[in-house]
Amino acid sequence: MAQRSLFTRALWFVAIGWWATPAVVNVAWFLNATIVGLPIGIKLINLVPTVLSLKEPRSLSAPDRSRGQRSLVVRGLYFVFVGWWLSFLWANVAAFLAVTVVGLPVAYWMFNRLPFVTSLYRFNG
């Protein structure tokens, strides 16, 4: 699937992405607090860049570029010991920055890297 146009992504961000992203992050963290909801919570965190600006993961647009992800075991251990608390702080700092005009570019950058901070998942392949 090809990336959407910059205009479409900007329109999405202005109309939906700015408010939907914190909602998705909070729902994901609620699910992550439960054993049963953890897989869905992680999946939602990995979709944050798409919710924010309709950005597609390279692994969907170019499957050959998805190689090189860390193993599921390494990612799982990282999440258990570091990712769950670091990504919670990361997402809240990004949400705070997003409400300021000056901090918006940094917040956008941070939200796009949230999947990696959470579980070493490289959204960009």
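**Exercise 1.** At what angle do α1 and α5 pack, and how far apart are their axes?

*Solution.* In this predicted model, the two helices α1 and α5 pack at an angle of about 150°, and their axes lie 11 Å apart. Because angles over 145 degrees count as roughly antiparallel, α1 is roughly antiparallel to α5. The handedness can then be added, since α1 passes α5 in a left-handed crossing. As a further step, list the residues that make the contact: α1 contributes Val25, Trp29 and Asn32, while α5 contributes Phe79, Gly83, Trp84, Ser87, Phe88 and Ala91. Sorted by class, this contact holds six nonpolar and three polar residues, with no charged residues.

**Exercise 2.** Identify the members of the largest nonpolar core that touch the most other members, and state which helices supply this core.

*Solution.* The core has 17 residues, of which Val25, Ile45, Val48, Phe111 and Leu114 touch the most other members. At least two residues of the core come from each of α1, α3, α5 and α6, and the largest share, six residues, is supplied by α1. To follow one of these members outward, take leucine 114: beyond its neighbours within four places in sequence, leucine 114 is in contact with Val25, Ile45, Val48, Ser87, Trp90 and Ala91.

**Exercise 3.** Determine which residues of helix α6 are buried, and against which helices they pack.

*Solution.* Helix α6 spans residues 104-112, and within this helix Ala107, Met110, Phe111 and Asn112 are buried. The buried residues of α6 pack against α1 (6-32), α3 (48-53), α5 (72-98) and α7 (114-119).

Methods: Residues numbered from 1 in each chain as written. Predicted model: local features only at pLDDT ≥ 70, side-chain atom pairs only at ≥ 80, totals over all residues. Heavy atoms only, no water. Buried < 20%, exposed > 50% of the residue type's maximum accessible area, 1.4 Å probe, protein only. Helix = DSSP H or I, 4+ residues; strand = E, 2+ residues; numbered from the N terminus. Contact = heavy atoms within 4.5 Å. Core = buried A, V, L, I, M, F, W, Y, C linked by side-chain atoms within 4.5 Å. Axes fitted to C-alpha atoms, helices over the stretch in contact; angles between N-to-C directions. Parallel < 35°, antiparallel > 145°, perpendicular 65-115°, else oblique. Left-handed = near helix turned anticlockwise from the far one by under 90°. Nonpolar A, V, L, I, M, F, W, Y, C, P; charged D, E, K, R; others polar.
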